[in-house]
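Got the sequence and the model open? Let's take a walk through the fold, one piece at a time.

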Amino acid sequence: MAEKFDVVIIGAGAAGLMCAAAAGKRGRKVLVVDNGKKPGRKILISGGGRCNFTNYDVSAANYVCRNRHFVKSALAQYSQWDFFSMVNEHGIGWEEREHGQLFCLDSAKDIVEMLLKECDLPNVGQRYRCDVHDIEQIDGGFSLKLDTDTVHCESLVVATGGLSMPKLGATPFGYQIAEQFGLKRVPTTAGLVPFTLHDKDKAAFADLSGIAIPVTVATENGVLFKENLLFTHRGLSGPVILQASSYWTPGEKVTVDLLPDLDVVETLEAMREKHPAQSLKNSLSRMLPKRLVEALVERGDIQDKPLKQLNPKEIAALADYLANWAVAPNGTEGYRTAEVTLGGVDTDELSSKTMEAKQVPGLYFVGEVMDVSGWLGGYNFQWAWSSGWVAGQNV
Ligand code: FDA
């Protein structure tokens, strides 16, 4: 005889554990199954081991989703303040970093332990290293064939996450379940991911690896971020690039303002007046890292000459070049290093109030498996908490 549960949740990550705790507190008999050996593996490595668990300022504008309005209901039902209260109730130390990002003071482990305590109820069970081999819709719910037995449930919650970081157990299983039940999927691709460069650019900038500069980056569809850009051996990274990558399509350029806070024309004119014999290269090296200026000169993008030989038209052209430095990435580092997966189960298929599939009663999707990806800054976990909690109230 198959054991009967009210709810089976596939995936013991951020969204799955939050859903289990919420459903468990409502008295539902819950089973969480995960193919990994322990819960919350992505939480543990997130935020450099300190987990950027949410953000002071969360709105639909911080999410990439084909339907921009979809996230609003869940974020309102379970907000960043609700999660923040839970963190405080558990006595977890936290700190605010720039852009309202909230991190654990001590360790990301605190968040996993908190979620496990929330799930520590007699009616909530967890199984690890457990694969789901087959799912079937039956009268009044679902039947799941697991490694050693078959279980039945009224509600099935898919919390299998995205495809990023396969070495942490990411699988396409959630998408396969969506397909099995006839739900559409928005094509998936890596998001919050470093750019790789074409060979010529890679060679020109390889020596700059490790250099970080504050810039603004604009994507071709007009999205603008202002944060640090980091040169790497492979290409470009840093928070500004990760953010822009979620709005970038292969073949497109991104436009970098290398000196967003400086009036380059005014500064160069003042320098020319004071030190007319100073070279342009040395002058620019006072505004930007010297090695970057050298690389731009070596590439022939900037002609070095004494400042006194620069006419106003040339200064204006140089300022324009530095404000609109166009980079055409070759690609991204892909799922291997991506923090999230863009695309996923089409939100048109789901109720924004409950996360239940509109055409398949009892089937729910939560977290990153669906077509909702947040910006860098705690937004992805907030989506996992909000969508997981909302489903937990309805299963
Ligand atoms: P999540 O990936 O957390 O969990 C999915 C679970 O499903 C896993 O436990 C997996 O083992 C299980 N699973 C998968 N396939 C299965 C199968 N076939 N059978 C059974 N179980 C299966 N976000 C943020 O807001 N702040 C941050 O600081 C960071 N930092 C960060 C760093 C790094 C390196 C990465 C890769 C990602 C982040 N993120 C982040 C993003 C964040 O980790 C991510 O968005 C959430 O973990 C998504 O939560 P989910 O529960 O949806 O998936």
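What follows goes from the annotated domains to the ligand shell, a helix pair and then the sheets.

## Ground rules

What you're looking at is a predicted model, so local features need pLDDT of at least 70, side-chain atom pairs count only at pLDDT 80 or more, and totals for chains, interfaces and linings use all residues. Residue numbers start from 1 along each chain, following the sequence as written.

## What the record says

The unreviewed UniProt entry puts "domain: RsdA/BaiN/AoA(So)-like Rossmann fold-like" at residues 6-394. It also places "domain: RsdA/BaiN/AoA(So)-like insert" at residues 190-340. Those positions are in the numbering used here, the feature names are shortened, and annotations may be inferred rather than shown by experiment.

Over residues 6-394, the chain comes out as 31% helix and 25% strand, with the end C-alpha atoms 11 Å apart. For residues 190-340, you get 34% helix and 22% strand, and there the end C-alpha atoms sit 6 Å apart. Helices (H or I, at least four residues) and strands (E, at least two) are DSSP runs, numbered from the N terminus.

## Around the ligand

There are 38 residues around the ligand, and Gly11, Gly13, Ser46, Gly161 and Gly367 come nearest. A residue makes the list if its C-beta atom, placed from the backbone, lies within 6 Å of the molecule. The shell splits into 16 nonpolar, 16 polar and six charged residues. For that tally, Ala, Val, Leu, Ile, Met, Phe, Trp, Tyr, Cys and Pro are nonpolar, Asp, Glu, Lys and Arg are charged, and the others, Gly among them, are polar.

Which helix gives the most to the shell around the ligand? That's helix 13, with four residues. Helix 1 (14-25), helix 2 (41-45) and helix 13 (379-394) each chip in at least two.

## Helix 1 meets helix 13

Two of those shell helices also touch each other. The axes of helix 1 and helix 13 come within 7 Å and cross at roughly 35°. Axes here are lines fitted to C-alpha atoms, for helices over the stretch in contact, and angles run from 0 to 180 degrees between N-to-C directions. The crossing is right-handed, which means the near helix is turned clockwise from the far one by less than a right angle (anticlockwise would be left-handed).

On the helix 1 side, the residues involved include Ala14, Gly16, Met18 and Cys19, while helix 13 brings Phe381, Trp385 and Trp389, among others. Contact means C-beta atoms, placed from the backbone, within 7 Å. The residues of this contact divide into twelve nonpolar, five polar and no charged.

## The three-stranded sheet

Strands of a sheet pair through backbone hydrogen bonds, either parallel or antiparallel. Two strands count as paired if DSSP finds at least two bridges between them. One open sheet of three strands runs in the order 3-6-5, with antiparallel pairing. Its edges are strand 3 (52-55) and strand 5 (94-97), each pairing on one side only. Neighbouring strands are turned by 30° against each other on average, direction ignored.

Strand 5 and strand 6 (residues 101-104) share four bridges; Arg97 partners Gln101, and Glu95 partners Phe103. They form a hairpin with three residues between them, where His99 in the turn has a positive phi of about 60°. On the other flank, strand 3 and strand 6 pair over three bridges, with Asn55 opposite Gln101.

## Two more hairpins

Strand 8 (residues 132-138) and strand 9 (residues 141-146) pair in the antiparallel sense over six bridges, and Ile138 has Gly141 as a bridge partner. Two residues sit between them in a hairpin, and Gly140 in that turn has a positive phi of about 75°.

Strand 9 then carries on through a three-residue hairpin to strand 10. Strand 9 and strand 10 (residues 150-158) are antiparallel, with four bridges, and Leu144 stands opposite Val151.

## The seven-stranded sheet

Another open sheet has seven strands in the order 17-16-13-14-15-12-18, with antiparallel pairing. Strand 17 (325-327) and strand 18 (331-332) are the edge strands, each pairing on one side only.

Further in, two bridges join strand 12 (residues 195-196) to strand 15 (residues 235-237), and the two run antiparallel. Thr196 has Gly235 as its bridge partner in strand 15.

Conventions: Two residues are in contact if their C-beta atoms, placed from the backbone, lie within 7 Å.
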